[in-house]
Amino acid sequence: MGGCVLQRSSKFLVQFLHLTGPFWNAENKALSRSLTLSLIGLTVAQIAVSVIITEWSAHLFDALDQHDMSKLWTQVGAILLIFVANIGITVTHLKVKRRLQLEWRAWLTEKMLGQWMHKGRHYLVTHIPGKHDNPDGRIAEDIRIATEYAVDLFHTLLYCVLLLISFTEILWSLSGTVTLDLLFVQVPIHGHLVWLALIYAATASTLGWLIGRPLIKATDNRQTVEANFRFGLVKARENSMAIALIHGEPHEKQHFQTLFADIVAAWHDQTKAWEKIMLFSSGYSVLTMAFPILVSAPRYILGSITLGALMQSAQAFQHTVSALSWPVDNMGKVAEWRASVERVLGLSQGLIQLEREIAKPDPHRIQIQKGSDSVLRFRDLCIARLDSIVCIANLNEEVRGGERILIGGNAFSGNKLFKAIAGLWPWGEGVIELPDDEPLMFMPPRPYLPTGTLRDSICYPASGTAVKQDDLEAALLLAGLPELIEPLDKFDDWAKSLEREQQQRLGMVRLLLHKPKWILMQEAFDSLDPDGELAMINLIFERLPNSALLTITKQPNIQALHQRQITLC
């Protein structure tokens with residue numbers, strides 16, 4: 001059992017270092033390395049202060065025991081110097097540590113965002129198996145915990161190791177030799193306080209680890225259900241109009257109550273795990289404070305050591321036990337850190353698996369190629385659903401520049417065809433040959449309008465400054481949106497503040513501004529009345545006469561305007 005746990009822990013650490021380790025060899029490696037070395041140096045300085053304080057404590061209690069006023073004033077001056085040095089070291093350490101945490105988080109966030117937001121990977125990864133749900137929470141929250149807690153845990157572990165090395169030597173020298181009388185034989189024990197500290201801390205750590213193991217699973221479960229609850233709220237916010245129109249509020253509230261009930265259950269599980277740890281640690285902390293003084297008190301009463309040596313022994317014992325108790329003291333943080341790291345690793349591994357799926361030569365993957373002429377070709381194209389059922393079989397067609405093609409038949413299959421052309425649906429086989437270096441523009445039923453100024457939202461993904469004011473106003477007038485000229489520089493969430501018809505007309509504005517050579521339109525004006533939709537199509541023909549148009553629509557009067565039809569089963 002222990003070997004399996006150790007093996008899993010080793011594998012986990014290797015995966016974590018493989019994901020995050022390149023931070024120290026990245027472009028900004030000089031800064032990251034200098035911050036790390038500074039953090040180590042300042043941790044050593046913190047240990048030095050702790051050692052000096054124990055020495056000062058011994059001298060102070062000796063001065064008190066001897067009723068020596070001059071030595072007392074000497075210790076007062078010494079503590080002032082220690083006070084100033086400790087403040088400087090502590091504040092500098094905090095600044096360096098937080099800067100390292102921020103730099104590491106920024107680097108890992110940029111890395112994960114680059115992998116996730118790359119050529120539709122954010123969409124494709126949702127269709128492969130694995131633990132990579134709620135990527136927003138994994139990137140925003142779990143990366144923060146993974147990096148911040150890693151620095152915290154590294155610092156405390158290093159601090160405890162150095163503390164152990166420093167105070168074990170001090171404790172050994174203060175322990176002297178104690179003779180254990182076993183009736184017929186006397187056994188001298190050198191450094192007895194060190195051995196007591198080791199036995200005491202080992203026993204406590206073992207018990208604490210066994211008691212606290214359920215916390216790891218409870219913490220992981222709680223983070224998962226918290227992320228599910230956040231995702232549900234965000235999804236409802238993004239679809240608030242649709243929910244309001246069909247009066248779906250009771251269903252949504254019931255759904256939220258179910259999600260929150262999962263949080264309550266996870267909270268109680270975590271509380272039970274914490275309760276066991278707190279019962280143990282509260283008693284452990286009190287005993288740690290009293291135990292070293294009680295053990296050393298007989299030697300002081302017998303006159304073997306001074307009062308200063310007694311207090312220094314107690315402090316050295318406490319520091320040694322504190323260092324050895326790192327696993328117990330940091331069990332909760334380790335559990336939360338590991339849960340977050342595993343969630344980040346889940347997303348990273350999902351994206352890596354996706355890249356391998358796309359890159360490997362698989363006959364059951366659609367191949368996207370660039371052609372040498374202005375033709376969109378489908379060669380032996382088969383498109384399959386995720387359950388491997390074929391929805392488009394043996395499609396062999398050519399669409400030439402400027403043609404107007406109606407995609408008829410099954411609308412679901414048409415949607416999959418458009419996704420395959422965009423490289424967002426690789427499941428199937430055959431070849432899609434794209435026209436050489438000619439831009440394609442997809443017009444879905446609802447155009448994406450990011451939060452920001454209306455100008456930037458219309459021109460997306462280009463910058464609003466790249467479009468002339470006159471061209472923008474002319475396009476708005478042609479699309480029937482004169483009321484949106486005035487608020488062009490207003491900041492808003494336009495996907496919520498504009499009516500669906502206005503949003504679809506803005507899709508036309510975006511089309512007129514970008515002037516693509518190829519247009520793939522899927523019910524892009526279905527909220528308009530038949531005359532309005534017809535007007536939009538005629539506007540495309542008038543303003544973009546040389547652009548090819550592939551259309552999915554249910555309007556018979558629109559279907560008749562196309563030159564030919566590709567019927568999908």
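What follows is a friendly chat about a predicted model of a protein chain.

Me: What makes the overall form of the protein chain differ from a compact globule?
Reply: A compact globule of 569 residues would have a radius of gyration near 25 Å, but the protein chain has 35 Å. The spans of its C-alpha trace along the principal axes are about 110 × 50 × 50 Å.

Me: What is the protein chain built from, in helices and strands?
Reply: There are 18 helices and 13 strands in the protein chain. Of its contacts with a separation of 6 or more, 78% are between residues 24 or more positions apart.

Me: Why is His93 called buried?
Reply: Buried means under 20% relative accessible area. His93 has 4% relative accessibility, so His93 counts as buried. This residue is found in helix 3. Setting aside residues up to four places away in sequence, His93 touches Leu39, Leu42, Thr43, Gln46 and His155.

Me: How much of the protein chain counts as buried, and how much area is exposed?
Reply: Of the 569 residues, 43% count as buried. The protein chain exposes about 30000 Å², and carbon and sulfur atoms supply 62% of that area.

Me: How do you know that Trp73 is exposed?
Reply: The word exposed is used over 50% relative accessible area. Trp73 has 58% relative accessibility, so Trp73 counts as exposed. Like His93, Trp73 has its place in helix 3.

Me: Which residues form a nonpolar patch with Trp73 on the surface?
Reply: Met69, Val76 and Leu80 form the patch with Trp73. Together, the four have about 440 Å² of accessible area. Patch members need over 30% relative accessible area, and Trp73 has 58%, so Trp73 passes that cut-off.

Me: What makes the backbone at Lys119 and Asn394 worth pointing out?
Reply: Phi of Lys119 is near 50 degrees, a positive value in a residue other than glycine. Phi of Asn394 is also near 50 degrees, and Asn394 is likewise not a glycine. Lys119 lies in the loop between helix 3 (69–116) and helix 4 (121–124), whereas Asn394 is in strand 5 (residues 390–400).

Me: Why are Lys119 and Asn394 called exposed?
Reply: The cut-off is over 50%. Lys119 has a relative accessible area of 63%, so Lys119 is exposed. Asn394 has 55% relative accessibility, so Asn394 counts as exposed too.

Me: Where does a cis peptide bond occur, and what is omega there?
Reply: The cis bond joins Tyr460 and Pro461, with omega about 5 degrees. Pro461 lies in the loop between helix 13 (454–459) and helix 14 (469–478).

Me: Which residues have the most contacts inside the largest nonpolar core?
Reply: They are Leu376, Ile383, Ile407, Leu417, Ile421, Ile432 and Leu550, in a core of 82 residues. Helix 5 (residues 135–175) gives the largest share of this core, 13 residues. A second, separate core has 34 residues, including Leu476, Met508, Leu528 and Leu549.

Me: What makes Ile383 fit the description of a core residue?
Reply: A nonpolar core takes in buried residues of certain kinds, with Ile among them, joined through side-chain atoms within 4.5 Å. Ile383 belongs to the largest core, so Ile383 is buried and joined in that way. Leaving aside neighbours within four places in sequence, the contacts of Ile383 include Ile366, Ile389, Leu417, Trp425 and Trp427.

Key
Residues numbered from 1 in each chain as written. Predicted model: local features only at pLDDT ≥ 70, side-chain atom pairs only at ≥ 80, totals over all residues. Heavy atoms only, no water. Helix = DSSP H or I, 4+ residues; strand = E, 2+ residues; numbered from the N terminus. Buried < 20%, exposed > 50% of the residue type's maximum accessible area, 1.4 Å probe, protein only. Patch = residues over 30% accessible without salt bridge, like charges linked within 9 Å, V, L, I, M, F, W, Y side chains within 5 Å. Areas by Shrake-Rupley, 256 points an atom, 1.4 Å probe, with all protein chains shown as cover. Salt bridge = Lys/Arg side-chain N within 4 Å of Asp/Glu carboxyl O. Contact = heavy atoms within 4.5 Å. Rg over C-alpha atoms; globule rule 2.2 N^0.38 Å.
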